[in-house]
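The exercises that follow are meant to be worked with the sequence and the model open side by side. Try each task before reading its solution.

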Amino acid sequence: MTNETDLRLEQALKTFGDVTALDHVDLSVRNGELLTILGPSGSGKTTLLRLVAGFAEPDAGKILLQGRDITYLPPAKRDIGMVFQNYALFPHMTVAENVAFPLQMRKTAKAEIKRRVDWALGIVELTGYEERLPRQMSGGQQQRVAFARAIVFDPRILLLDEPFGALDRKLREQIQLEVRRLQQQLNLTSLFVTHDQEEALILSDRIAVMNKGRIEQLGTPHEIYEKPANRFVADFIGISNLFSGKLEGHDKQTAAVRDEAGTLFHVVADDIPEAGSDAVVLVRPERLRLLQAGDEAENRISGEVAEIVYLGQSEKLSIDVGAGRRVLMHRQTKLGEVSLDVGASVNVGWSAADAHLIVEAAQ
Amino acid sequence: MNAVLSCFRRTGALREHAGPVALSLPTVIFLLILFAVPVVQLMLLSVQSGSFEHYEKAFTDELYVTVLLNTFEIALFVTVISFLLAYPLAYFLTVATPMWRAVGMFCLLMPFWTSILVRTYAWMVILGRRGIINETLLSLGIIDAPMSLLYNTPAVLVGMVHVLMPYMVFPLYAVMRRVDPNLMQAAFGLGAPSWRAFVRVYFPMTMPGVLAGASLVFILSMGFFITPVLLGGGRVTMIAVLIEQFVTEFLAWEFAGALSMALLTFTLLVYGAFKWLMKSERNLA
């Protein structure tokens with residue numbers, strides 16, 4: 001992967017009546033990377049994809065593909081491969097005809113078309129299915145035909161619009177990994193749109209989390225999960241325990257935050273604002289541990305087990321820690337370990353390095 | 001009737017069919033008495049003399065062959081013109097806003113609520129020597145003498161297309177509504193200019209509607225009577241007109257029967273051809 005930019009949106013604005021679907025969005029997709037646009041429905045992610053594909057035009061701003069301004073170029077001239085939500089395979093054409101379609105539109109020579117179609121079907125492991133019609137194939141196979149059709153003409157970038165939504169869970173995981181492998185193998189710059197955070201974490205090089213027409217955070221899956229930039233991202237990705245309060249003080253790397261119920265938390269952070277600022281402490285449920293008598297922890301809180309959900313390999317505890325606060329804990333189950341009952345008194349703790357400090361901009 | 005029903009009841013698997021069979025009986029009896037029996041009688045009449053002389057005449061006499069071919073030609077023209085007009089209209093209805101769709105549907109359905117006779121006379125008022133078109137062109141000084149717009153094949157075509165177009169629009173509309181709009185976007189995205197996306201994706205997908213509409217219009221055209229009589233003014237002879245003349249003017253029922261059989265056979269052949277096309281289309285799509 002190089003750092004060269006393949007696709008760039010500059011101050012893209014799109015409104016529908018009173019609704020701002022895209023609010024002056026800037027985004028760069030690097031050569032060869034798979035960048036995911038993740039967001040709830042209505043966040044503007046589909047609008048962004050449609051602008052890139054050319055199915056809609058922005059009200060203002062620019063879209064550049066490999067340095068060329070494509071803002072107002074018709075979709076047919078963009079050389080972009082796209083896999084649609086419901087595949088959008090042409091039902092009256094065979095698999096081979098479907099895959100050959102983009103090449104025929106480019107007036108590729110017959111022999112070359114045959115060679116490319118064979119290659120693309122080989123890539124998705126559908127050699128031998130050339131004469132089938134889409135409706136004679138399973139959902140997973142149709143998905144692969146759609147992928148073959150999107151890559152057969154060597155597109156500049158690949159767009160994926162929630163392409164796994166219609167597949168059942170097991171198949172979805174398998175196809176996701178397959179697509180990821182092919183994307184890397186072919187070094188295809190890809191823009192992937194989804195509302196499924198797990199999918200985004202599995203597949204992406206980088207994730208752009210969108211909300212209300214803006215990109216809330218852009219970063220690697222690791223950054224997005226471990227260091228969410230704000231409350232929205234923390235809530236949207238994974239499960240979070242959030243304590244909001246005020247910054248009391250700090251030494252070099254550790255900030256002290258007292259939450260509204262008066263509990264003091266310590267959290268390791270890079271940039272620590274001045275005391276008195278509003279701050280939120282985030283700790284993920286799997287970072288919590290049960291403290292036995294005599295155990296040390298930089299952060300500790302005591303409470304009563306309110307709910308237990310047993311998941312086999314792990315269990316989820318919901319702990320009532322007073323003042324209307326609930327703490328969620330996710331722990332591995334071990335044989336021989338004392339099992340907890342609802343109502344048991346427990347102490348939970350975590351280290352300052354396992355927590356993350358979110359400083360909210362003054363609103 | 002009860003015997004028939006109990007016969008169905010006895011076999012458990014067929015019991016569920018007893019209800020539908022009973023419900024369809026009135027229609028079946030109605031059609032048997034008023035349609036099948038007269039048709040068979042007419043057919044028998046045509047071979048009453050024990051020979052096929054009437055058929056020989058119908059298929060060898062140049063006059064009747066010409067009329068048959070003429071009928072076929074007019075039906076073909078009506079079908080093609082209806083298709084050319086109905087296709088964009090049906091497309092408009094699928095993409096129109098609900099308000100415009102309601103307006104379009106109303107305009108399409110209106111002819112159905114008006115007698116075919118009234119509509120045909122309306123065309124005579126429009127196309128006549130002193131009709132709206134001639135009067136307007138004369139008063140504007142575009143022409144010096146009235147044109148003869150009536151009593152020729154184009155007049156018959158106009159009248160027939162007007163009556164039959166809804167039969168083309170509705171099957172097309174039904175099929176077009178089911179075409180996934182994503183497919184056209186996919187075609188554009190994959191590099192197809194609008195017209196190629198239309199030719200390669202949209203049109204083939206609406207083919208079942210085209211065939212259904214075309215078969216309806218064609219078959220109905222073949223037996224058209226009032227419009228060719230009134231707008232053709234005796235100069236445009238379609239086979240139904242000829243049959244009527246043989247029955248009411250020459251009282252030659254036997255020959256009318258033979259001509260009817262010829263029309264029926266021809267219609268069934270056309271119907272079979274369309275069925276075959278639709279089937280191969282379905283195998284393809």
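**Exercise 1.** In which sense, parallel or antiparallel, do strand β3 and strand β9 of chain A pair, and over how many bridges? Then follow the chain from β9(A) into β10(A) and describe the hairpin.

*Solution.* The model is a predicted one, and the pairings are read from its coordinates. Begin with strand β3 (residues 34-38) of chain A, which pairs with strand β9 (residues 206-211) of chain A in the parallel sense, over four bridges. A position to check in this pair is A:Thr36, which stands opposite A:Ile207 in β9(A). Next, turn to strand β10 (residues 214-219) of chain A, whose pairing with β9(A) is antiparallel and runs over five bridges; here A:Asn211 stands opposite A:Arg214 in β10(A). Finally, look at the turn: the hairpin of β9(A) and β10(A) has two residues between the strands, and A:Lys212 takes a positive phi near 50° in this hairpin.

**Exercise 2.** Which strands stand at the edges of the five-stranded sheet of chain A, and what follows for their free sides?

*Solution.* First write down the strand order, which is β13-β12-β11-β14-β20 (chain A) in an open sheet with antiparallel pairing. The ends of this order are β13 (264-268) and β20 (355-358) of chain A, and because each has a single partner strand, one side of each is left without a neighbour in the sheet. From one strand to the next, the twist averages 45°. To examine one edge in detail, take strand β14 (residues 278-283) of chain A, which is joined to β20(A) by four bridges, the two running antiparallel. Within this pair, A:Val283 has A:Ala355 of β20(A) as its bridge partner.

**Exercise 3.** What is the strand order of the four-stranded open sheet of chain A, and which strands are its edge strands?

*Solution.* The order is β2-β1-β4-β5 (chain A), and the pairing is antiparallel. The edge strands are β2 (19-30) and β5 (68-69) of chain A, each of which pairs on one side only. For the β5 end, the partner is strand β4 (residues 60-65) of chain A, paired with β5(A) in the antiparallel sense over two bridges, and the residue A:Leu65 has A:Arg68 in β5(A) as its bridge partner.

**Exercise 4.** Are A:Lys107 and A:Asn187, which have positive phi values, buried or exposed?

*Solution.* As background, most residues other than glycine have a negative phi. Against this, A:Lys107 has a positive phi of about 55° although it is not a glycine, and A:Asn187, likewise not a glycine, has a positive phi of about 50°. The next step is to place them: A:Lys107 lies in the loop between α2 (95-105) and α3 (110-123) of chain A, while A:Asn187 is found in the loop between α5 (169-185) and β8 (190-194) of chain A. For the last step, a residue is exposed if 12 or fewer other C-beta atoms lie within 10 Å of its own. A:Lys107 has 8 C-beta neighbours inside 10 Å and so counts as exposed; A:Asn187, with 11 other C-beta atoms within 10 Å, is exposed.

**Exercise 5.** Where does helix α8 of chain B bend, and how many of its residues are buried?

*Solution.* Consider length before curvature: α8 (residues 153-177) of chain B has 25 residues and reaches 35 Å from its first C-alpha to its last, close to the 36 Å expected at 1.5 Å a residue. The helix nevertheless bends by about 45° at B:Leu164, with a proline, B:Pro166, following within four residues. As for its surroundings, α8(B) is mostly covered, since 18 of its 25 residues are buried.

**Exercise 6.** How many residues of chain B are in contact with chain A, and which helix supplies the largest share?

*Solution.* Start from the contact count, in which 17 residues of chain B are in contact with 18 residues of chain A. On the side of chain B that touches chain A, α9 (181-189) and α10 (194-222) of chain B each supply at least two residues, and the largest share, six residues, comes from α9(B). Within chain B itself, the domain assignment gives domain 1 (1-46) and domain 2 (50-284). Their centres, taken over C-alpha atoms, are separated by 33 Å, and four residues of domain 1 of chain B are in contact with seven residues of domain 2 of chain B.

Key: Residues are numbered from 1 along each chain as its sequence is written. Chains are lettered from A and ligands numbered from 1 in the order in which they are written. This is a predicted model: local features need pLDDT of at least 70, side-chain atom pairs count only at pLDDT 80 or more; totals for chains, interfaces and linings use all residues. The expected span of a helix is 1.5 Å times one less than its number of residues. The bend at a residue is the angle between axes fitted to the seven residues ending there and the seven starting there. A residue is buried if 20 or more other C-beta atoms lie within 10 Å of its own, exposed if 12 or fewer, and partly exposed in between; C-beta atoms are placed from the backbone. Two strands pair if DSSP finds at least two bridges between them. Axes are lines fitted to C-alpha atoms, for helices over the stretch in contact, and angles run from 0 to 180 degrees between N-to-C directions. Domain bounds come from an automatic or database domain assignment. Two residues are in contact if their C-beta atoms, placed from the backbone, lie within 7 Å.
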